[in-house]
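Me: I'm new to this one and don't want the whole tour. Could you pick a single part, take a close look at it, and tell me how you got there?

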Amino acid sequence: MAKPLGIAVNPASGKDIRRLVARASVFDNQEKRAIVRRALVGAVEAGVREVCYVPDSHGIARSALEEFEGKLHAEAVASPQTSSVIDTVGGARALAERDCGAVLTLGGDGTNRAFCIGWQDAPLLPISTGTNNVFPILVEATLGGAAAGLVASGHLKLSEAADRAKAITVKVEGERDDFALIDAVVTRERFVGSRALLAGDMLKAALLTRADPASAGMTSIGGLIKPVSEEDDYGLYLELDPQADGVNAPIAPGLYQIIGVAAHRRVAFGKPITVTGPCVLAFDGERERALKPGQKATLRIARDGPWVIDVSRAMRLAAERGLFRIKRARKARRKAS
Amino acid sequence: MAAPAIGSMTFRYAFRGSFTDTHDCFGYARHPVRPDHPKSPEIGGDKPVTIQATDAVLLDIHERMVRIRIFEEEAGKLMENGKVPGALHLYVGQEAVAAGVMAHLEDSDHITSTHRGHGHVVAKGGQFNEMYAELYGKAAGYCKGRGGSMHICNMEIGMLGANGIVGGGIPIAMGAAFSKKFRKTKEVAASFFGDGASNEGSFHEAANMAALYKLPLILVCENNGFGEYTRQDNHQAIVDVADRAAGYGMPGVVVDGMDAIAVYEAAGEAVARARNGEGPTLLECKTYRFYDHVGVRGMGLSYRTDEEVDAWKQRDPIKLIEEKLIEQGIITKRKISAIHKRIREEAMAAIKFAEDSPLPDPDGLLEDVYYVQA
Amino acid sequence: MAEAQLKDDQAPRKLAYVNAITEGIAEAMREESQAFLAGEDVAGAGSVFGYTGGLLEEFGADRVIDTPISEKGIMGLGVGAAATGCRPIIDLMFMDFLGECMDEVANQMAKMRYMFGGHARLPVTVLTMSGAGMSLAAQHSQSLEVWLTHLPGLKVVAPATPYDAKGLIISACRDDNPVFVLLNKLSLALQGEVPEGAYEVPIGKANVMREGKNLTLIAYSRMVHEAMQAADQLKEFGIDAEVIDLRSLSPLDTDTIIESVKKTHRAVIVHEAVRFSGFGGELAAQIQELAFDYLDAPVGRVGAPFSPVPYSPSLEQSYMPNAKRIVAETRRLLGV
């Protein structure tokens with residue numbers, strides 16, 4: 001059954017202080033627009049006829065859709081327009097209500113985290129345009145759009161082309177819940193400030209869904225000690241201490257730091273980990289929440305994150321089923337020769 | 001020299017974390033860590049990490065912000081009551097930017113400012129007496145009554161003047177940055193300007209030259225969403241002025257301009273880059289002008305909705321930092337009230353000083369057109 | 001041989017205007033470590049007019065700086081660096097490019113000291129090339145001195161001779177105010193006496209090039225030489241002309257002008273700039289204000305017609321004022 005394809009673009013991704021400290025790349029919005037255009041080309045070829053998009057403050061999705069007038073029915077979903085993370089959360093909820101069959105997200109780990117706060121089991125095709133990109137994938141947008149399009153248009157079932165991701169759910173005493181896809185980190189810093197998590201000597205603990213030595217970010221700290229993949233049905237907990245022995249890890253793009261690791265252990269799904277303030281909690285690389293003295297937060301890992309479409313698996317299935325094969329009428333072929 | 005083999009042994013070596021302060025896990029010498037950097041940890045690379053604001057710094061930033069707010073509120077009243085001549089462009093709403101950047105600067109570092117420049121002077125250390133006296137056009141003013149609100153300056157604290165020309169200060173700051181590099185100092189220059197000024201040729205020429213010569217310059221774009229009365233989406237096709245940095249070969253960063261701590265952290269990196277000879281940075285601070293382009297009216301304006309103003313006022317930069325300081329137990333509500341009261345009294349005393357001080361002697365009209373050798 | 005050598009040493013040294021400019025810059029930079037030269041093509045290329053040749057070799061790339069083609073930026077560089085302890089020498093390749101940086105010149109450089117209540121000092125020197133005569137057409141040939149003389153806060157000088165070019169550049173660089181030195185491109189090859197070493201030609205002091213009894217020709221820049229030729233030709237009409245080279249337009253040496261006019265009772269002003277609204281209007285007004293009772297004839301003005309500078313040599317020749325036109329205008333005024 002054909003469903004709309006969702007699009008959520010974070011106009012603010014790839015622009016924060018990490019450009020300075022971590023030599024991260026600048027992602028300008030013209031390029032994001034170009035990525036959406038190319039993804040839409042793939043999606044149209046894969047059979048998508050209806051697109052729902054989150055209207056972003058920079059008009060990226062809207063302007064990218066302009067050239068598809070007549071080919072696509074495009075609809076802006078209602079979402080808050082605050083030029084903040086709230087837009088992504090609200091937009092995700094709206095796309096969920098429209099029952100999108102697949103959603104293209106453009107951003108980094110932070111963007112996808114925000115999206116999943118609004119729609120936790122969303123069928124995602126996350127294209128990386130962020131700073132830290134452990135969760136989203138580096139993929140040519142044309143094919144990303146085609147893979148997402150095959151799922152949205154009903155040519156492929158979500159369950160055959162996608163896997164459910166792990167996630168960390170966070171209960172904060174007396175306040176709203178929170179969520180992380182890759183890592184939740186406890187730091188001795190006191191303020192959310194410029195958000196970026198770059199002060200290695202301030203880190204106290206980290207809970208990782210993935211510990212990937214081949215990625216940049218907090219995930220690399222665990223990855224260089226005890227790799228945990230997305231397929232493993234458990235997470236990794238690290239006790240961090242600047243005095244302890246540790247690893248020289250790329251905690252952000254372009255930035256290696258020595259992180260003291262006092263202890264590490266596997267964490268089973270559902271096992272609660274409690275954190276007490278004062279501290280700042282960082283999720284997926286960005287400082288997000290400040291806990292007051294004595295305030296508690298409980299973190300749990302489970303495989304209850306979004307569905308993530310696997311582009312190569314989707315395209316292989318498309319090939320096996322001949323979804324892009326074209327048969328020409330024999331008469332026409334003879335005429336041509 | 002052949003690199004040491006990367007094998008299981010070296011990996012274990014790294015894993016045990018037994019490499020030394022001076023050498024990494026492969027036996028290569030580490031880059032020295034800058035000893036003067038606040039809380040610089042032992043790091044693998046050569047980059048400083050995010051600057052952590054200490055309690056003293058946070059209180060200093062807060063004080064600067066409150067000083068700006070109160071100076072401007074009282075200046076606005078003076079203008080409304082016809083006490084001061086001319087037009088005042090008030091900085092209320094944007095305090096986090098000036099305070100967050102200036103907390104990193106010394107008197108020997110220079111800044112250029114805009115027509116909305118009082119906040120920069122106050123944050124750089126300008127005194128209320130001389131500032132109000134200048135607004136009154138008095139001889140005791142910083143410019144001896146010759147400049148007024150839009151040219152207020154203080155060379156002794158490195159304040160190269162507010163500027164009546166949009167974008168006018170940017171090439172001057174670039175020149176000051178050039179001078180700092182030429183004289184082989186560790187000083188930096190910062191230029192404050194708005195989203196509107198980023199459309200002026202002066203911005204583009206100065207940005208290009210600053211990047212070309214790797215000058216110690218911080219281009220601080222205070223994007224308050226309006227070029228005078230024109231909304232940003234009516235004056236440029238981009239939303240993030242920081243996107244323009246790439247075109248000049250310098251880093252561009254977007255930061256929440258209502259959050260002084262965020263500005264402080266980002267500016268700290270930009271200033272450190274400049275002092276280290278790594279060149280200029282374009283730092284875009286998203287902020288908002290609570291008042292009109294000129295004067296104190298904030299609501300009921302034809303070019304923006306009251307709802308928009310209200311939404312931004314929810315994130316009043318002074319309210320934000322005070323909440324955080326109280327939450328962290330750095331200061332009490334009572335002490336904050338006392339700070340406001342003390343600064344308000346200082347402002348009132350300065351206004352009295354300005355009112356009581358004499359006007360410039362009309363016979364001295366031609367003084368200061370030229371420098372005359374003594 | 002030895003005798004010839006001796007003779008050479010004793011003869012005053014002759015130098016072309018272009019080399020005198022170079023020497024002026026070099027002397028200023030030798031005596032002041034905070035001085036640097038910045039402008040388009042001043043380093044590697046030695047300037048399009050050749051007058052910064054050799055400076056890069058002597059002073060190095062830190063002090064002789066090629067800039068992008070960004071006149072706002074270059075002029076801002078001069079203002080900002082001067083305000084913070086340097087003594088920049090800025091090369092604005094053609095005066096016509098003032099249009100690209102007039103804000104930095106008019107609103108920043110000229111006014112900063114005053115606006116700041118005297119708290120800023122701007123020791124910046126701007127060298128720029130003016131004048132027609134090389135078929136460079138309307139955007140590379142203008143004489144726009146009044147754009148600058150109208151601005152309080154600036155000093156404006158316009159050397160006519162190699163001697164003055166070097167001396168005025170040195171004076172400009174030693175001055176703690178912004179000074180524009182208006183050079184003339186048709187004079188670059190002009191030879192003249194130029195002493196070695198540093199010397200000043202005072203800013204604000206005119207030079208009486210030739211004394212006379214019954215006419216004062218007032219000129220500056222290259223027109224001084226046309227005025228000198230005209231004075232020669234006027235002799236046959238019984239006119240003994242005094243020629244004043246203003247050298248400095250702002251500040252203006254009014255005393256020398258008025259003293260001369262009081263003696264000769266007649267004045268003709270010559271400049272290459274467009275006559276209408278030109279600097280001659282200011283001079284004529286001052287003469288009638290200060291020496292009205294001494295005048296035996298209306299004050300004459302010779303300048304370019306109210307037209308952009310043309311390209312074709314024939315048109316350009318008819319555009320530019322010259323000795324012939326000065327003679328004609330003088331005879332018309334004096335009825336001889």
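Reply: Let's come in through a proline: A:Pro278 sits in the loop that links strand E14 (273–276) to strand E15 (279–283) of chain A. Keep in mind that this is a predicted model. The peptide bond between A:Gly277 and A:Pro278 is cis, with omega about 10 degrees. Chain C has a cis bond too, running from C:Ser250 to C:Pro251, and there omega is near 0 degrees. C:Pro251 belongs to the loop between E12 and helix H10 (254–264) of chain C, and E12 takes us to the part I'd like to look at closely.

That part is an open sheet in chain C, with seven strands in the order E3-E2-E4-E5-E7-E6-E12 and mixed pairing. Strand E3 (64–66) and strand E12 (248–250) of chain C are at the edges; each has a single partner strand, so one side of each has no neighbour in the sheet. On average, and ignoring direction, neighbouring strands here are turned by 20 degrees against each other.

Now zoom in on one pair. Strand E4 (residues 87–94) and strand E5 (residues 125–130) of chain C run parallel, and five bridges join them. Take C:Phe94, for instance: its bridge partner in E5(C) is C:Met129.

Something packs on this sheet as well: helix H8 (residues 162–174) of chain C. H8 touches strand E2 (35–39), E4, E5, strand E6 (155–157) and strand E7 (179–184) of chain C. Follow the helix's direction against that of E7(C), and you get an angle of about 160 degrees.

Technical notes:
Residues are numbered from 1 along each chain as its sequence is written. Chains are lettered from A and ligands numbered from 1 in the order in which they are written. This is a predicted model: local features need pLDDT of at least 70, side-chain atom pairs count only at pLDDT 80 or more; totals for chains, interfaces and linings use all residues. Two strands pair if DSSP finds at least two bridges between them. Helices (H or I, at least four residues) and strands (E, at least two) are DSSP runs, numbered from the N terminus. Axes are lines fitted to C-alpha atoms, for helices over the stretch in contact, and angles run from 0 to 180 degrees between N-to-C directions. Two residues are in contact if their C-beta atoms, placed from the backbone, lie within 7 Å.
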